[in-house]
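Reader: I should like to go through this structure with you, starting with its enclosed spaces. Could you take my questions in turn?

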Amino acid sequence: MSMFLARSLVTRCFSSRPLHVCIVGTGPAGFYTAHKLLKAHEGARIDIIDRLPTPFGLVRSGVAPDHPETKIAINQFSRVAQHERCAFYGNVKLGSDLALSELRDLYHVVVLAYGAESDKDLGIPGESLGGIYSAREFVWWYNGHPDYSSLKPDLKSSDTAVILGQGNVALDVARILLRPTTELASTDIATHALSALEESSIRKVYLVGRRGPVQAALTAKELREVLGIKNLHIQIKETDLSVTPADEEEMKNSRARKRIYELLSKAAAAGTSEGNCDQRELHFAFFRQPERFLESDESKGHVSGVNLEKTILESVGSGKQIAVGTREFEDINCSMVLKAIGYKSVPIEGLPFDHKKGIVPNVRGRVVSDSGGISQTEPGLYVCGWLKRGPVGIIATNLYCAEETVGSISQDIEEEEGVVGKSEKAGRKGLVQLLENKKVKRGEKCQFQPQQFQLCQIQPELMDSAKYDLNSIIIQKNYPNFLKRTATLI
């Protein structure tokens with residue numbers, strides 16, 4: 001019933017009176033929110049800002065380069081950005097260039113959709129050793145994200161890498177490490193990453209998970225893709241594939257879990273024979289959890305392996321099983337560890353934040369603050385995407401998330417006693433003036449070419465030297481070749 005109400009409010013076209021909206025973040029959540037607002041309110045004037053000079057967030061920097069079909073969403077987002085009532089301002093960082101309070105003064109509605117740009121920690125000894133990276137850092141590196149284009153992952157010290165986690169991100173990373181570079185060369189992988197992978201010594205990858213194959217948090221599509229890599233030997237211990245009555249019950253209640261287990265069992269049976277010396281290897285290490293990281297004797301300060309504790313599953317009711325340590329340990333030697341254990345959102349000044357859940361407290365997208373033990377909504381302030389619900393779901397999940405948030409916005413605008421959209425706000429003019437007052441550099445305008453813009457590879461030095469907007473890209477005179485730095489067409 002509540003989703004029906006949200007959809008009815010979203011699809012209704014409201015008054016054409018000016019409604020100044022600022023959306024922070026240009027990933028799927030931000031653009032879906034903009035799309036829904038443009039349809040719901042014909043008077044909406046939307047400005048989308050992002051700390052990077054390029055838009056599209058996770059679609060650009062998080063989707064694997066060999067998944068072009070997933071990046072098709074960029075085409076829809078580009079059309080939204082080029083809408084006459086929408087503008088994009090890149091290289092504008094909330095919290096340093098602009099304060100949240102300043103945005104709220106300028107706009108009737110502020111929607112925070114900047115996602116999760118940090119990582120969860122394991123909190124175990126040795127986690128700060130060199131050679132240990134989060135999967136996010138590695139993904140951003142091979143996707144050409146300017147924050148990590150200078151990352152130097154250790155791909156040469158040994159032939160083994162360990163990935164902690166068995167979700168889809170872990171499978172993406174394993175696939176990039178193990179897939180032939182001749183195949184990767186035809187994707188839009190960053191040039192520096194392809195060059196490094198071509199010289200990589202990694203031939204063996206371990207995917208480590210605390211629970212068993214029935215509980216693996218991955219999808220059949222991603223699993224089939226990694227199992228289908230040419231000349232790859234799959235290894236799974238036969239004992240790890242044993243199932244308990246509780247496992248059987250889980251598979252009975254979930255066709256997806258059953259299918260994943262069947263795929264893993266089939267791969268294990270096919271990989272029982274010894275691989276040849278030319279084959280690369282993918283090891284699924286179930287029922288293991290990291291206890292500590294081992295430091296190299298030869299290279300002080302660098303990881304040389306992971307100490308793993310064996311686990312068993314215990315039922316905690318409602319068909320759920322959790323991993324419990326057995327105090328039995330084993331080591332895996334390696335030169336690189338990638339932690340694919342989850343993303344984490346970062347709070348900003350003036351924004352309520354639940355540090356335990358890693359989200360902004362909200363009710364259907366309305367930001368909720370706690371004042372003296374009394375919860376109250378923050379007028380005109382909303383959230384969408386991972387910042388709203390946590391780092392879960394696929395790109396399309398953000399469509400429904402945005403629909404709910406825009407439904408709340410539309411409902412608040414309709415409220416006769418509400419304050420959203422009732423007062424005069426400066427909107428875009430105020431934003432431009434504020435950036436000028438803060439001495440934000442603005443260069444000469446360059447005509448926007450949609451496809452060129454989508455494919456630009458941004459160099460780190462551009463980050464602090466120019467501001468960009470999508471309808472008329474603003475570029476400093478000393479970067480005349482900016483639009484010529486293009487990658488492979490998606």
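Author: Certainly. This is a predicted model, and its largest cavity has a volume of about 40 Å³.

Reader: Which residues line the largest cavity?

Author: The lining consists of Thr26, Asp50, Leu52, Thr54, Pro55, Gly57, Arg60 and Ser61. By class, two of these residues are nonpolar, four are polar and two are charged.

Reader: And how many cavities of 30 Å³ or more does the structure hold?

Author: There are two cavities of that volume or more.

Reader: Let us turn to the pockets. What volume does the second largest pocket have?

Author: The volume of the second largest pocket is about 590 Å³. It is lined by 32 residues, and those closest to its centre are Ala113, Tyr114, Gly115, Ala116 and Glu117.

Reader: Which elements give two or more residues to that lining?

Author: Helix H2 (28-40) and helix H3 (57-61) do so.

Reader: How does the lining of the second largest pocket divide by class?

Author: It has 18 nonpolar residues, 10 polar ones and four charged ones.

Reader: Changing topic: in what order do the six strands of the open sheet lie?

Author: The order is S6-S14-S7-S8-S10-S9, with parallel pairing. Strand S6 (132-134) and strand S9 (232-236) form the edges, each pairing on one side only. On average, neighbouring strands of this sheet are turned by 20 degrees against each other, with direction ignored.

Reader: Where do the side chains point in a regular strand?

Author: As a general matter, they alternate between the two faces of the sheet.

Reader: How many bridges join S9 to S10?

Author: Five bridges connect these parallel strands. One of the pairs involves His233, whose bridge partner in S10 is Glu281.

Reader: Why is S9 largely enclosed by the rest of the structure?

Author: Four of its five residues are buried, and S9 is therefore largely enclosed. Buried here means under 20% relative accessible area.

Reader: What about S8 and S10: over how many bridges do they pair?

Author: Strand S8 (residues 204-208) and strand S10 (residues 280-285) pair over five bridges in the parallel sense. Opposite Val208 stands Ala285 in S10.

Reader: Finally, is helix H7 mostly covered or mostly uncovered?

Author: Helix H7 (residues 168-178) is mostly covered, with nine of its 11 residues buried.

Reader: Which residues of H7 are the buried ones?

Author: They are Ala170, Leu171, Asp172, Val173, Ala174, Arg175, Ile176, Leu177 and Leu178.

How values were computed: Residues are numbered from 1 along each chain as its sequence is written. This is a predicted model: local features need pLDDT of at least 70, side-chain atom pairs count only at pLDDT 80 or more; totals for chains, interfaces and linings use all residues. Side-chain values use heavy atoms; hydrogens and water are left out. Buried means under 20% relative accessible area, exposed over 50%, partly exposed in between (1.4 Å probe, protein chains only). Two strands pair if DSSP finds at least two bridges between them. Axes are lines fitted to C-alpha atoms, for helices over the stretch in contact, and angles run from 0 to 180 degrees between N-to-C directions. On a 1 Å grid over the protein atoms alone, a cavity is a set of points where a 1.4 Å probe fits but cannot get out, and a pocket is an open set with protein on both sides within 12 Å along at least five of seven lines; lining residues have an atom within 4 Å of a point. Grid points are joined across faces, edges and corners, and a volume is the space filled by probe spheres set on the points. Ala, Val, Leu, Ile, Met, Phe, Trp, Tyr, Cys and Pro count as nonpolar, Asp, Glu, Lys and Arg as charged, and the others, Gly among them, as polar.
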